[in-house]
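Work through the exercises below with the sequence and the model side by side. Try each task before you read its solution.

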Amino acid sequence: MDALLLTNPNFSRPNLDFGLKSNGKKTRRYGLLMRSPRCTMDTSFGGNLDNLPKFPRTNVWNPYKRLGVSPYASEEEIRGARNFLTEQFAGHERSVESIEAAYEKILMASFRERKKTKINLKTRLKKKVEESPPWVKRLLDFVELPPTEVILRRAFLFAFMGTWSVMNSTEGGPAFQVAISLAACIYFLNDKTKSIARASILGFGALVIGWFCGSLLVPMIPSVLLRPTWTLELLTSLVCYVFLFLACTFLK
């Protein structure tokens, strides 16, 4: 090419532009105007946010109105509205942040309300106890509330004894099941009081009181509601199981 220029000075060099002149969407190469390919990732990095759907209630102050739910809506309804909106406006970051912020405000308000209600309930119960007569206070001194796990385990034990007694009602009386229940009650009380004498007194006392109450209450039940195999002894023993459960679970 240089030899041609030397021999023919009037011969002009063709426009061979090997450089790239970027102009946003267009690129000039070899004298030709070429369009650079668009990448789909441009949208996710803000390349084309104007075409994404925007949440129309971004600036609504009330979180319930922002999510489009009632203030009395359940947690499932609120969660469903939040999931629906986040999926619908998933590509718009500001919209998703606004939806999540409204959902978090509702959760925090619900948590504070439950905590306040729980504290108020404890305060009211404590006030009722303080205002109760002296004999009620002395009675409450003998009662305690064990962990929920302990209550459920012992309730299951005595419920099993009751079911066993009902299933064997045609074969004989529930004397064996009552004896096992009494022994379990004394065992639990002894583990709590560390006194076998006190545990025995409380256990036998619960059995006697339960048998007495059962003897009074069972005859009042209409016979239509009872099966022919359910004898007075069986139904009275079921009442005794309840009193034995209460004694070994809630008495100090």
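Five exercises follow, each with a worked solution.

The model is predicted: local features need pLDDT of at least 70, side-chain atom pairs count only at pLDDT 80 or more, and totals for chains, interfaces and linings use all residues. Residues are numbered from 1 along each chain as its sequence is written, and side-chain values use heavy atoms, with hydrogens and water left out.

**Exercise 1. The overall layout**

Task: State how many helices and strands the protein chain has, and give their order.

Solution.
- Step 1: Fix the terms. Helices (H or I, at least four residues) and strands (E, at least two) are DSSP runs, numbered from the N terminus.
- Step 2: Count. The protein chain has 10 helices and three strands.
- Step 3: Read from the N terminus. The order is α-β-β-β-α-α-α-α-α-α-α-α-α.
- Step 4: Check burial. Buried means under 20% relative accessible area, exposed over 50%, and partly exposed in between (1.4 Å probe, protein chains only). Of the 252 residues in the protein chain, 25% are buried.
- Step 5: Check contacts, meaning heavy atoms within 4.5 Å. Take the contacts between residues at least 6 apart in sequence: 57% of them join residues at least 24 apart.

**Exercise 2. The nonpolar cores**

Task: Find which residues of the largest nonpolar core touch the most other members, and which elements give two or more residues to this core.

Solution.
- Step 1: Define the core. It is a set of buried Ala, Val, Leu, Ile, Met, Phe, Trp, Tyr and Cys residues joined through side-chain atoms within 4.5 Å.
- Step 2: Recall the background. In soluble globular proteins, nonpolar side chains tend to be buried together.
- Step 3: Pick the hubs. The largest core has 19 residues, and Phe158, Cys185, Leu207, Leu244 and Cys248 touch the most other members.
- Step 4: Assign elements. Two or more residues each come from α7 (148-167), α8 (175-193), α9 and α10. The largest share, seven residues, is from α8.
- Step 5: Look for a further core. Another one lies apart, with 12 residues, including Phe55, Val69, Ile78 and Ile99.
- Step 6: Zoom in on one hub. Beyond its neighbours within four places in sequence, Leu207 contacts Val178, Leu182, Cys240 and Leu244.

**Exercise 3. Two pockets**

Task: Describe the lining of the largest pocket and of the second largest pocket.

Solution.
- Step 1: Set the rules. On a 1 Å grid over the protein atoms alone, a pocket is an open set of points where a 1.4 Å probe fits, with protein on both sides within 12 Å along at least five of seven lines; lining residues have an atom within 4 Å of a point. Grid points are joined across faces, edges and corners, and a volume is the space filled by probe spheres set on the points.
- Step 2: Take the largest pocket. Its volume is about 190 Å³. Val143, Leu202, Gly205, Ala206, Ile209, Phe243, Leu246, Ala247, Phe250 and Leu251 line it. Two or more of the lining residues come from each of α9 (196-217) and α10 (232-250).
- Step 3: Sort by type. Ala, Val, Leu, Ile, Met, Phe, Trp, Tyr, Cys and Pro count as nonpolar, Asp, Glu, Lys and Arg as charged, and the others, Gly among them, as polar. The largest pocket's lining has nine nonpolar residues, one polar and no charged.
- Step 4: Take the second largest pocket. Its volume is about 160 Å³. Among its lining residues are Tyr64, Glu75, Arg79, Tyr103 and Arg114. The largest share of this lining, five residues, comes from α5.
- Step 5: Sort again. This lining has seven nonpolar residues, one polar and three charged.

**Exercise 4. The salt bridges**

Task: List the salt bridges and say where arginine 82 and glutamate 100 lie.

Solution.
- Step 1: Apply the cut-off: a side-chain nitrogen of Lys or Arg within 4 Å of a carboxyl oxygen of Asp or Glu. The structure holds three such bridges.
- Step 2: Arginine 82 pairs with glutamate 100 at 3.3 Å, N to O. Arginine 82 is in helix α4 and glutamate 100 in helix α5, 18 residues apart.
- Step 3: Arginine 153 pairs with glutamate 149 at 2.9 Å. Both lie in helix α7, four residues apart, about one turn of the helix.
- Step 4: Aspartate 191 pairs with lysine 194 at 3.9 Å, N to O.

**Exercise 5. Tryptophan 211**

Task: Is tryptophan 211 buried, partly exposed or exposed?

Solution.
- Step 1: Locate tryptophan 211 in helix α9.
- Step 2: Tryptophan 211 is partly exposed because its relative accessibility is 35%.
- Step 3: Leaving aside neighbours within four places in sequence, tryptophan 211 contacts Glu233, Thr236, Ser237 and Cys240.
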